[in-house]
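User: Could you take a close look at one helix-to-helix contact between the chains for me, and then show how it fits with what lies around it?

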Amino acid sequence: MQAEIRAKVLELLGAQVDLKGLSDESDLYDAGLTSFASVQLMLALEDYFGVEFPERMLNRRTFSSIANIIASVNELALEKAA
Amino acid sequence: MDAQVSLLDQLLGAGLLFDTGVDGLYGRAGVFEDVVAGIERMVIAFGREDQAEVLRFPPGMNRAHFEASGYMKSFPHLAGTVHCFCGDEAAHGQLLGELAKGEDWTHGQKASDIVITPAACYPLYPLVAKRGRLKPQGGLFDLCSYCFRHEPSTDPARMQMFRMREYVRVGSPEQVMAFRQDWIERGKAFVTALELPHEVDLANDPFFGRGGRLASSSQREQGLKFELLIPVNSVVKPTACLSFNYHQDHFGELWGIEQHDGTKAHTACVGFGLERITLALFRHHGFDVKAWPAGVRTALGLA
């Protein structure tokens, strides 16, 4: 599941920003991720994984880095499985 | 009956607004318009030293510009498009038949090239972009338009068609941020002169849907929008009568507006809700304009 989440996050994110040269910790907003693109990314992730980002995750920080996005999706996937 | 209906009924009863049968769509009485005119004189006076370029557009904008603006991404629920009959005589006959029977006659209406202006500044950006690179001092524009937002309500401060007056600053991040900060202070002085209770608070636009919640929180976290709030219908939920917005380089990127050095321009605006400020005055000083405090009448040029 972990690998699938990582692969899907990178695939969907890649459609919004150029991932070349970015580390898991790089600031995605600095890399050109717009507010609207982060919304599109969120909706695509929800659709694919069948999860819903709760209120506490609807902030800039959740989508500010690859690591943060993966951590959030992991958390939601675990909650769903539980 | 709740407080909102009550205020609306009072305004209709006093003949300040006229009912059209549609929530949020009202006629305005002469007295109401006198106050609007007074507010506009004040807006001009408060910004006079800056020598903004005055531009006026009709309350409809080019649909292609509207589409490019991205408005449908963020506010599809508020937009209003102008649709027209474009059929032949047979289609006309069908339409009349449907009308006569009280059936839906609008299904054949086709989108025209015009969309109802959602915010006074929307027609500005493509025009500025077309003029080419900005001068080092950037640009400053004075705009006013009737605007449309599809949000029927019995709150008289939430009209579907209303006038928005704006100053829009285009330039470097430093120039536009200085402009916005300056106008937050001027805005406070503006409503203080009108003897209206107020507070300035962080705000967000009403973005559509669940994704919009993320956009809203993002806008707040970045401190992009502030509103000057005045109790109109409700003390608990005061009404945004002025707003102070920093768009970063959103419109600069979208339209290719360039600063003198070729980098993308940043923009900011201050918006005045003319009906909302007018309603706040009636709400706080009463429906008899002649009985308003002398200072308020003087500020509005009504004395």
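Analyst: Happily! A:Ser35, A:Ser38, A:Val39, A:Met42, A:Leu43 and A:Glu46 in H2(A) meet a set in H8(B) made up of B:Arg210, B:Gly211, B:Leu214, B:Ala215 and B:Ser218. Contact here means heavy atoms within 4.5 Å, and helices are DSSP runs (H or I, at least four residues; strands are E, at least two), numbered from the N terminus. By class, this contact has five nonpolar, four polar and two charged residues. In that scheme Ala, Val, Leu, Ile, Met, Phe, Trp, Tyr, Cys and Pro are nonpolar, Asp, Glu, Lys and Arg are charged, and the others, Gly among them, are polar.

A word on the ground rules: this is a predicted model, in which local features need pLDDT of at least 70 and side-chain atom pairs count only at pLDDT 80 or more, while totals for chains, interfaces and linings use all residues. Residues are numbered from 1 along each chain as its sequence is written, chains are lettered from A and ligands numbered from 1 in the order in which they are written, and side-chain values use heavy atoms, with hydrogens and water left out.

Now the geometry. The axes of H2(A) and H8(B), the latter spanning residues 209–221 of chain B, come within 9 Å and cross at roughly 145°. Axes are lines fitted to C-alpha atoms, for helices over the stretch in contact, with angles from 0 to 180 degrees between N-to-C directions. H2(A) passes H8(B) in a right-handed crossing (the near helix is turned clockwise from the far one by less than a right angle; anticlockwise would be left-handed).

Stepping back to the whole interface, 15 residues of chain A touch ten residues of chain B. About 1100 Å² is buried between the two chains, 57% of it from carbon and sulfur atoms; buried area is the accessible area (1.4 Å probe) that two parts lose on being put together, summed over both. On the chain A side, A:Phe36, A:Leu58 and A:Arg60 lose the most area to chain B, together 47% of what that side buries.

H2(A), residues 35–49, also has a partner within its own chain: its axis and that of H3(A), residues 66–81, come within 12 Å and cross at roughly 30°. These two helices are therefore roughly parallel to each other (angles under 35 degrees; over 145 is roughly antiparallel, 65 to 115 roughly perpendicular, the rest oblique). Here A:Leu41, A:Leu45 and A:Phe49 in H2(A) meet A:Ile69, A:Val73 and A:Lys80 in H3(A). That contact counts five nonpolar residues, no polar ones and one charged.
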